[in-house]
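Subject: Structure handover and findings

Dear colleague,

I am passing on the structure below, followed by notes on what was found in it. Please read the notes alongside the coordinates.

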Amino acid sequence: MPDVEEKVYQKDPGNAEGGPCKPETSGRTQEDKSSPKDQSSLLSVTGLVDKVNAVSKLSEKIGMNLDCHPEEKVLPPSSLEGRVKETMHNAFWDHLKDQLLATPPDFSCALELLKEIKEILLSLLLPRQNRLRSEIEEALDMNLLGQAAEQGALNVLCVSKYILNTMTLLCAPVRDEAVQKLETITDPVRLLRGIFQVLGLMKMDMVNYTVQSLQPQLQEHNIHYERAKFQELLAKQPSLLDHTTRWLTQAATDLATPPPPCPDTADAASAACPSPGEAAVSPEPLSPRMVLSQGFLNLLLWDGDDEEFPETLLRDRARLRELGAQLHRLTVLASVLLVAGSFSGSVLFGSPQFVDKLKRTTKALLEEFSSRPEAAAMLAVGERVSQEIRQRLGDMRLAPLSSDSTVALMGQLQNISRKEDCVRSVIDQRIHLFLKCCLVLGVQRSLLDLPGGLALIEAELAELGQKFVNLTHHNQQVFGPYYTEILKTLIPPAQGLEMEVESL
């Protein structure tokens, strides 16, 4: 059977499941390896992590990632495998064309293709679509088609037109245009090849639809499985929640400590300081939700010993570390844009193209943080940003930056490498405020009231916030009962109006 060319489009949930005769999928497999039986009465935390990771890896990925879209594997055309695949496809379709043009025509390959198309179409049907199932069975009766082929009377083009009509009924709206384009093809070989390509897309539409429909069940299964395995370990190691208790205790202490006043800075820093109305808002009363939110925020800046990491978040340690690195880069990026904007003014920063170019340039340079000292990386950032501003001013025939202004710009950008820098400190507080709002209100509502100084990185913040919310939401669903018991000892009953830890 042929393996046709595949093109990847953005997959939308559809109501079709079909594909090429032998589609090459991405090969996503669930690593479901059973762990060996316990050798001692006490399981190690690492053993639990490995065990849960192995069994629930795929279900968690699908359950937590709302944008999970399986896609067919697309080989680069320049790769050896891609060239071989293309050559084999062309050879098959050329062979089919030769068979149909022969005298008398040879319909053997065409019958095999029609048989597979029939199977695909039937697989697209829902259980209740019995009438359409009967129509397909009748129209694509392989016995009748075989008899027509033996008599040399099989009209491949006519059968293909029926297949197209059926595809129109079954495909998702996003595939309507692709099906309509096939209706203009009169060459039977090209038409069959196009049918297999579109059926491949329809199959992935159905896969994605199925994945999305199964997300709640997969997530629920993963939650119960993780909690059950953790409870088994807790029964054998009663002290297992010690680090988690200390982590939540520290979060409650942080909330009870008054935040530092906004630094008295000029220019760039003052643009990011809270408005008087915001500053007048009294601190939130101590509550389970706020303690957990503070605790999760603290983990993004975790600099303690890994052995003291909360036991309930060991599986998420790597992802939290990556989110923390992303938070750090966004803090520096927003600080750089704020300082650059204060020196270049609204004329340059009123141009979305200039701001976008400056963001892309700065992002690329910030990637070097992991490979060399931050101060050295910021020196490169300062030089490049200063260069971009000078070049843009020259292109617009505006007055260039003075020597003093250039030195001041370079100095302020270099200072961003220090954590105590006033601009960086304010931006850091602002991003933390945004993330805390995301945990309490959700990402979309938080974006409606974005803290000052963060508008230029709104898209990046939305991505970070969604990842953070997904991670914490899943963690609370799994370990909420344990957090509830710990928080009962930390929050006075008068303050804890609702001790049950709800999902964020």
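Relative accessible area sorts residues into three classes: buried means under 20%, exposed over 50%, and partly exposed in between, with a 1.4 Å probe and protein chains only. By that scale A375 is partly exposed, because its relative accessible area is 38%.

This is a predicted model, in which local features need pLDDT of at least 70 and side-chain atom pairs count only at pLDDT 80 or more, while totals for chains, interfaces and linings use all residues. Residues are numbered from 1 along each chain as its sequence is written, and side-chain values use heavy atoms, with hydrogens and water left out.

Confidence comes next. The mean pLDDT (the predictor's confidence in each residue, from 0 to 100) of the protein chain is 78, and 76% of its residues reach 70 or more. Residues 1-45 stay under 50, although the model has 131 contacts beyond four places in sequence for them, a contact being heavy atoms within 4.5 Å. The pLDDT is also below 50 over residues 262-282, a stretch with 28 contacts beyond near neighbours in sequence. Where pLDDT is low, the predicted coordinates should not be read in detail.

As to the fold, the protein chain has 19 helices and zero strands, where helices (H or I, at least four residues) and strands (E, at least two) are DSSP runs numbered from the N terminus. Of its 504 residues, 44% count as buried. Among contacts between residues at least 6 apart in sequence, 76% join residues at least 24 apart.

The largest nonpolar core (buried Ala, Val, Leu, Ile, Met, Phe, Trp, Tyr and Cys residues joined through side-chain atoms within 4.5 Å) has 75 residues, and L313, I389, I431, L435, I457 and F468 have the most contacts inside it. Helix α13 (residues 317-349) gives the most to this core, with 14 residues. Leaving aside residues up to four places away in sequence, F468 touches F296, L297, L300, L320, L323, L435 and L439. A second, separate core of 41 residues includes A110, L140, L145 and C171.

To return to A375, this residue is found in helix α15 (residues 374-395). A375 touches Q414 and S417, again not counting residues up to four places away in sequence. Between A375 and I416 the C-alpha to C-alpha separation is 8.5 Å, with their positions 41 residues apart in sequence terms.

Best regards
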